[in-house]
Amino acid sequence: MSDKERINLARWGIKHSQVLIYFMVVILVAGTFAFFKLGQRDLSVFAIKTIVVNVKWPGASAEEMSQFVTDPIETKLLEVPWLREVSSFSKPGEAWLIVNIEDFMPNAAIEMKDRAYDIRKKINDIQHRLPEGVQGPFINDEFGDIFSMVYSFNSDDYSFADLKDYAEKARNALVRIESVEKAILYSVQNEKIFVEMDDKRMSALGLDPLQIGMLLQQHNKVQTSGRIEGKQSYYRLSLNDRFQSIDDIKKLPIKLQDNSVIYLENIATISRGYDDPPVFRMRVNGNPSIGLGITMRKGYQLLTLSDEVKATMAEFTEQLPAGVEVVLVSDQPKSVQAQINRFLLKLLIAVFIVLVVCYFSLGFRTGFIVALAIPVVLGLVFVMMSILGIPLTRTSLGALVIALGLLVDDAMIVVELVHVKLEQGWDRLKAATYAYTATSKPMLSGTLIAAVGFLPVYIVDAAPNEILGNLFVVIGVALIASWIVAVLLTPYLSFKLLKVEHQGKQHIQTANVDNSAMYQSGFYNRFRRLIAWCMCHNKTVLGVTALSFVLTIFGMQHVKMEFFPGNDRPEALVDVWFPEGTSYHQMERQIADVERLLDAQDNIENYLTYIGGDSLRVQNDMYIEQPNANYSKIIVIAKNLEARAQIKTLLSDYFATHQPNVRTRVYNLVYGLPFNYPVQYLITGNDAEKLADISEQLKDILRNNPQTRDVHDNRREKRVVVDIKLDLPRVAASGTDPAQLSKTLGVMLNGLPVTQYREGNDHIDVVLRNESENRYNLDRINYLQVPLGNGTTVALSELADISLKFEEGVIWRYNGYRSVIVQSLLEEGVLNFDVVKALKPQIDELRDSLPSGYRVEVFGEVDISREVDTQLAKTMPFMLIAILTLLMFELNSIKKMFLVLMTVPLGLIGVVFILLVLDLSFGLVARLGLLALVGIIIRNSIILMDQIDQDLAAGSSPWNAVLESTVRRARPIILTAVAAIFAMIPLITDYFWGPMAITMMSGLLVATLLTLLVFPTMYVAFFKVKSQ
């Protein structure tokens, strides 16, 4: 087929230059428009594959909850498809079950809805087998919701009830915004009306507290009173039997045994208040607050949400009275925009660096042609990102920076070849079209192979797909777009702009092999001699290379491993675990001491404390604890990363010296999946005492490692319980029964909601209970008056023996077995993978000594990371087959394909070297960089191989073909490597992409040099090419 008959996109572009220019302008305009319309996030949103089940059984012990409630539910939930694990903890009166779905479940965001349905169905199947009196189970399938913005409402002048009213009005305004999915109130203090009685006075009057409760309930009951049928209409009867005010409650008439009537206020104190003791509170800079959390509707953009919410809240706050403070305490759009802006700056710096490399290495005209490919390619990428719904995130922008050095590669190869041909005296059209004929196919194969290097993270069924899957898409689009630009636009621009002085036009234009003066310079002659030496001494070169690779494999054993890198957000967080059974007021006092410490610091923006529970999830990578009465959380927003480190040190020292009775974890967020402790071991079995013994042995092993600190297990302290042993014959003789006594004690001590006072849209519980001095005095329990069946009362101690004892505070289970988790923090800079590796011999020895039915397993982050690595390993065959297929289509030779594949390990030498020298960790992101290197190395080898084949076809001897092809292809290969390496310089300081940038820079540098020296050496050895 002649040149005219063969399809040549370069020729088409030159002949249809106006169409080409038109599309270039359209792409630039559309790309600019698409860029400003793209959504923005810090990282891609990934599904939190957790559903939480809560169940209550008031009065049950932790053991009873575990045996009769948790166990049957847990056993049934093990039937849920794609289940990873069911962990649970049972406490007196309640239990929480955390259902985790497999991380590698396909289409997780969609499938989680089906898993929630499955869980509801399984629980409905088991519900009839649960004991009488069980409340629930209650299923929270929105545990993974992310609250993009959180406002706080606080005031010194207004009550919690007033703040709640204002917050509800704000919520009602916000839910009308189209981009808002939902808005919820958080840390609302439920209003109560307390009816407090003195049991001694009640006894003197012969009154039963339960009878008072029934009177309140019956008096306020909503029921029909009938109607009168008239001749033309009917008339509904309305009795004034319901409470219309607090005074109505106070004036409730009560009949005494002597038939006299008194009012409730004569025997009880009626007051209005809030949950007492409080269950959970959120405090902002030390001020009790109500939170308003806002989630974004799917398909909308964070910045759009931010603008609309802030506009609505600004209008709303203008209507609030003075003294009510509304603070935006969590602003994810602002944080994301700041992160994206910083990253866009890094992208611009990378673009500038690549332009400088192009100008200085190729000259102004040639550099301009190559540089012009960048905005056109980026325009195409932004258009495709808009079409595919890919937002601007660290992932997508990082992909652009990584691709930046590669996307000018094709343009450099084309313009360099055109430049050489013009220098040889070819006319501009022939030189431009020849570039397509000579390079388009190997460039396309190399481009596709470079993109395929990122394929595993896209096809893996695991969280890395959700977090980093767009990496493959963006880089793939960028590289394919760069090839299109290189074969269409670059030849046209070269045709128009390149002007090169040439010599001997008649002679050189007919030559088939490049022999221009540029390859006869001092540099090229020295480089030619170096390559020739390597080819002549191929055994020595290959031996040194093999030895380097063996040393690399050995060195790899000493490289530190991690999962995801740290986070550069400014928050410092503290988990605070108080001893089991600690009262809310004691926790509040100790947290207040911490707040006073924080108030004295000038390097923080603000801080939030949560007493009795955790915060709303404002980031995917936040670990959220389940509601727990002895847990508190502190979030400090520092002014910068240096301040964050100072705050962490300050808080760690403070808790160690001033509050040693609490267990704390001071930390900052990390990217990726959330975990609470870096090192965790799971122990499972059936006997609690045996589990405790194994746990102690395991903790001793961890404590003996100098890199661990705060080694403990998740068992809680035993709780003190008041043991009331009823004298059942005496109880029966008194005319009462245990159930009646239990209910009476509950009313007098905990309080019993007996009815609801309706006010506006609120339903306020009316709670009957004993006076505070009787409730808070443990010694008073012996003399607590309980009513009998004959209308009299006796002290509780006359019906029972009362003593104190200890009981289990929490019972943990895992997949149907009792469990204990031993966990540890690590010294600064220590990685959990290294510690787990060092502990393995001792842990294995402990495993061998365990009785049948007991297991010790690595748990948490290390376990999940290993599973992710396993899933990634399963995708490697697909990547390998794709690469081999592309190589076969390009090379059409199995021998050549194997030769190209033999260059792949060259990149690992540079990667391991830099990791060991700089003492860096080889995390998941860095591993992706290594995979990307595979594609780049193969790409360079293909280009060299194709040039050798062209020279052989032109009649060159094998030795000269290998030698001269390496010399001529050295310049574009080195330039593209330099461009790629320098383009990644801005990423070095990035917490997320830094490890990958360093990995690729070092690996690419070493691999490029070794490819140019070792590949021709391998070629002559592999094909037995004789030296000339």
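**Note on contacts and burial in a predicted model**

1. Tyrosine 186 counts as buried, because its relative accessibility is 17% and the cut-off for buried is under 20%. The model discussed here is a predicted one, and the points below deal with ring pairs, salt bridges, a surface patch and one further buried residue.

2. The aromatic pairs come to 16 in this model. In one of them, tyrosine 186 meets phenylalanine 280 edge-to-face, with 5.2 Å between the ring centres and 65 degrees between the planes. The two partners come from distant parts of the chain, 94 residues apart: tyrosine 186 is in strand β6 (residues 180-186), while phenylalanine 280 sits in the loop between β12 (268-274) and β13 (281-284). Phenylalanine 280 has a relative accessible area of 16%, so phenylalanine 280 is buried.

3. Rings also form a cluster. Phe35, Phe36 and Phe382 are joined by ring pairs.

4. The next points concern charged side chains. Side chains of opposite charge can pair when their charged atoms come close. For this model the count of salt bridges is 47.

5. One of these salt bridges is between glutamate 111 and arginine 115, whose closest N and O atoms are 3.2 Å apart. Why are these two residues about one helical turn apart? They are 4 residues apart in helix α4 (residues 108-126), and therefore about one turn separates them. Glutamate 111 is partly exposed, because its relative accessibility is 23%. Arginine 115, in contrast, is buried, with a relative accessible area of 7%.

6. Arginine 115 has another partner, aspartate 118, in a salt bridge whose closest N and O atoms are 2.9 Å apart. Arginine 115 and aspartate 118 are 3 residues apart, about one turn of helix α4, in which both lie. Are these two residues buried or exposed? Both arginine 115 and aspartate 118 are buried.

7. A salt bridge also joins the side chains of arginine 968 and aspartate 951, at 2.1 Å from N to O. This pair links distant parts of the chain: arginine 968 belongs to helix α32 (residues 958-983) and aspartate 951 to helix α31 (residues 924-953), with their positions 17 residues apart in the numbering. Arginine 968 has a relative accessible area of 1% and so is buried. Aspartate 951 is buried as well, because its relative accessibility is 3%.

8. Which residues are linked in a network of salt bridges? Arg84, Glu85, Asp863 and Glu867 make up such a network.

9. Isoleucine 864 is found in helix α28 (residues 861-891). With a relative accessibility of 10%, isoleucine 864 counts as buried. Its C-alpha is 26 Å in space from the C-alpha of isoleucine 635, and the two residues are 229 apart in sequence.

10. On the surface, Arg365, Arg428, Lys496 and Lys499 form a positive patch. One of its members, arginine 428, lies in helix α15 (residues 428-452). Arginine 428 has a relative accessibility of 37%, so arginine 428 counts as partly exposed.

Conventions:
Residues numbered from 1 in each chain as written. Predicted model: local features only at pLDDT ≥ 70, side-chain atom pairs only at ≥ 80, totals over all residues. Heavy atoms only, no water. Patch = residues over 30% accessible without salt bridge, like charges linked within 9 Å, V, L, I, M, F, W, Y side chains within 5 Å. Areas by Shrake-Rupley, 256 points an atom, 1.4 Å probe, with all protein chains shown as cover. Salt bridge = Lys/Arg side-chain N within 4 Å of Asp/Glu carboxyl O. Lys, Arg positive; Asp, Glu negative; His and termini not counted. Charge placed at Lys NZ, Arg CZ, Asp CG, Glu CD. Buried < 20%, exposed > 50% of the residue type's maximum accessible area, 1.4 Å probe, protein only. Phe/Tyr/Trp six-rings, centres within 6.5 Å; stacked < 30°, edge-to-face > 60°.
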